[in-house]
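Please explain how this structure is held together by charged side chains and where empty space is left within it. The account should proceed from salt bridges to cavities and pockets.

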Amino acid sequence: MDSRTRWRAFAVCVAVASLTILDLSKVNVGLPSIEEALGAGPTDLQLIVAGYALAFGLILVPAGRYGDLHSRRHMFLIGLTVFAAASLVCAIAPSIMVLIVARILQGIAAGLLMPQVLGLIQQLFVGPERGRAFGLFGAIIGLSTAFGPTLGGLLIAIGGPESGWTLLFWMNVPLAIILLPIAWRLLPKTQPHPSGANSLDPIGILLLAVAVLGLMLPFVLTTGSPSDDPNRWWLLVVFVVFAALFALWEGRYARRGETPVVDFALFRISGYRNAILIGTCYFAAMPATFLTLTLFVQQGLGLEPVFAGMITIPFALASAVSSWWSGRHVERYGRALVVVGLVLVVVGFSLNSLLASILAADVAPYAMSAAMLIAGIGGGAVISPNQTLMLADVPVSSGGVAGSIGQLGQRIGTAVGLAAATATFYATVYSETGTVSDLVVYHDAYRNATFVTISFVVAALVFALLDARSRRLQGVT
C-alpha cells in the first residue's frame, strides 16, 4: 500500500472512531430534552450514557481477537453497518426503553469498530510515522470528546427542545452510509495473523464477558439517587469469581497449545501494562468531567445546551494542537510528555472548580473556559503519547486484541468515573436541596464531583511517574 492510500485509509478509520467517541459526549447535553420528551428517570438517563460504555466494553476484546484472527476489514464494515442501524432506531425511538436498547446496540457496534481501528493503524504504519498517526488520532479523538457537548447543544438548538435530541442520532446515519463504501474500497484486504493455533476461545470470551459485566454493571446502575439499590454491589462478587475462572481457564487453554483470547504475556511488557493503567484512570476522569460540567452549567447556572457545550471548546482546540505536537515528539520525550500533561490537567480542573464556585454566575462560564484551555493543553499530551507507548512493543499481529484490552480499560474507567462523579453530584443535590439556595447546592455538587474526577487524574499521574522511573532504569524514554 503506497503512502497516500495508507493515509486515506487512516482518515476513514479515524472518522469512524470519532463518530463512536462523539456519542460518548454529545448525548450528555441531550439528557434534559430526552427526560422531558420520553419521561425518563435518573436510572434511564444513566443507562443511556453508561449503558453505551458498558456495551462498548463488553464487546471490545472478542471483537479485537476476531479481527486479529480473521479480518479487521470485515469486522470494521459489520460494525459500521450496525452502528448506522442502531443510530436510526435511536432517532425514531417512540419510548425510553426502545432508546435504551438501541443505545446499547450502538455501544456494541462501537465495540466492534474500535479494536479494528487501533489494529489497522498499527498495521498501516511503523516507526516515527506510527507516532504521527497516533498523534493525529489522539487529536481527533480529543476534539470529538470535547466538541461533543457543543455539537450536541447546537443540534438541540436547531431541532428544538422537544425533538432536537433526535438529531444527535440522525447525524450518524448519513455519515456512516457515506463512509461504508469508502472503507470497503480503501481498507487493506490482507493482514498479518498471529502464529500458532488460531482458535477463538469461546469459553474464555464468555467468562471474560461475565466478569466485565459484573464489574461495570453496579457502576452503570449508580445514579446518586436515594432509591439506588444497595444490592447492586453484590455483582462485584460475580466479577471476582468469573475473573478468577477466566484467569484459570486462559492458563489451561494456553498449556494445551491453543491461543487464549487474552495473551497474559502482553502484561509482562511494562510499557503496555502501565499505559493501560494510565488510560483507565484518565478516562475515568474525562467523560465524567464533561458530564458534570454540563449538568452544573445547565441545571445550576441555567445555560442553554448550545452555550453549555461551548465551555469545552478551548479544551478541544488546545488538546487537538497539543496531541498533534505530542504525537510528533513522543519518540524523543516519551513518558515525560504524559507526566507533564497530567499535571496540567490537574491544574486546569482544579482552577475550573475554584472559579465556578467563587465567581458570579454570569462570569463563571468564561473563566471556566479559560481553565479548560489549560486542561486541554495537558490532555492532548496524554492520549496520543500514551497510545503510542502502549503499543510500541506489541507485535503487529496482536495489535487488535492488545488495543482492545486498552480500550476495555478505558471503558471500565468511563463507567466507574461516570458513576462515582454523577453519584457524588446528585447525592449532594439530594442532601442539600431545601437547606441552602439552589446556586449554592449546585456549586457544592460540582465541587464535590470535581474532587472525584481530579482524584482519578492524580492516580493516572502516579502510574505515569512509576512508568517514567521504570523506563529511566531501563535506559529508555
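A salt bridge is a side-chain nitrogen of Lys or Arg within 4 Å of a carboxyl oxygen of Asp or Glu. The model is predicted, so local features need pLDDT of at least 70 and side-chain atom pairs count only at pLDDT 80 or more, while totals for chains, interfaces and linings use all residues. Residues are numbered from 1 along each chain as its sequence is written, and side-chain values use heavy atoms, with hydrogens and water left out.

Confidence comes first. pLDDT is the predictor's confidence in each residue, from 0 to 100; the protein averages 86, and 97% of the residues score at least 70. Helices are DSSP runs (H or I, at least four residues), numbered from the N terminus. The mean is lowest in helix 12 (residues 305–310), at 76, and highest in helix 4 (residues 72–92), at 95. Where pLDDT is low, the predicted coordinates should not be read in detail.

The whole structure contains six salt bridges. One of them joins the side chains of Glu 129 and Arg 6, with an N to O distance of 3.1 Å. Because Glu 129 belongs to helix 6 (residues 127–159) and Arg 6 to helix 1 (residues 3–25), this pair ties together parts that are 123 residues apart in sequence. Both Glu 129 and Arg 6 are buried, a term that means under 20% relative accessible area (exposed is over 50%, partly exposed in between; 1.4 Å probe, protein chains only).

A second pair consists of Asp 23 and Lys 26, whose side chains meet at 3.2 Å, N to O. Asp 23 has a relative accessibility of 0% and therefore counts as buried; Lys 26 is likewise buried, at 0%. Asp 23 and Lys 26 are also linked with Arg 103 in a network of salt bridges. The side chains of Arg 72 and Asp 68 form a further salt bridge at 2.8 Å, N to O. Here too burial applies, with Arg 72 at a relative accessible area of 0% and Asp 68 at 1%.

Attention now turns to empty space. On a 1 Å grid over the protein atoms alone, a cavity is a set of points where a 1.4 Å probe fits but cannot get out, and a pocket is an open set with protein on both sides within 12 Å along at least five of seven lines; lining residues have an atom within 4 Å of a point. Grid points are joined across faces, edges and corners, and a volume is the space filled by probe spheres set on the points.

Six cavities of 30 Å³ or more are found in the whole structure, and the largest holds about 70 Å³. Its lining includes Ile 21, Phe 137, Phe 283, Gln 387 and Arg 411. Helix 6, helix 15 (364–391) and helix 16 each give two or more residues to this lining, and helix 16 gives the most, with three. Domain 1 (1–187) and domain 3 (263–476) each contribute at least three residues; the domain bounds come from an automatic or database domain assignment.

The largest pocket encloses about 580 Å³ of space. It is lined by 25 residues, of which Leu 215, Phe 239, Leu 408, Gly 409 and Ile 412 are the closest to its centre. At least two lining residues come from each of helix 9 (202–220), helix 10 (235–255), helix 11 (270–300) and helix 16 (399–432). The largest pocket lies between domain 2 (202–260) and domain 3 (263–476), because both give residues to its lining.
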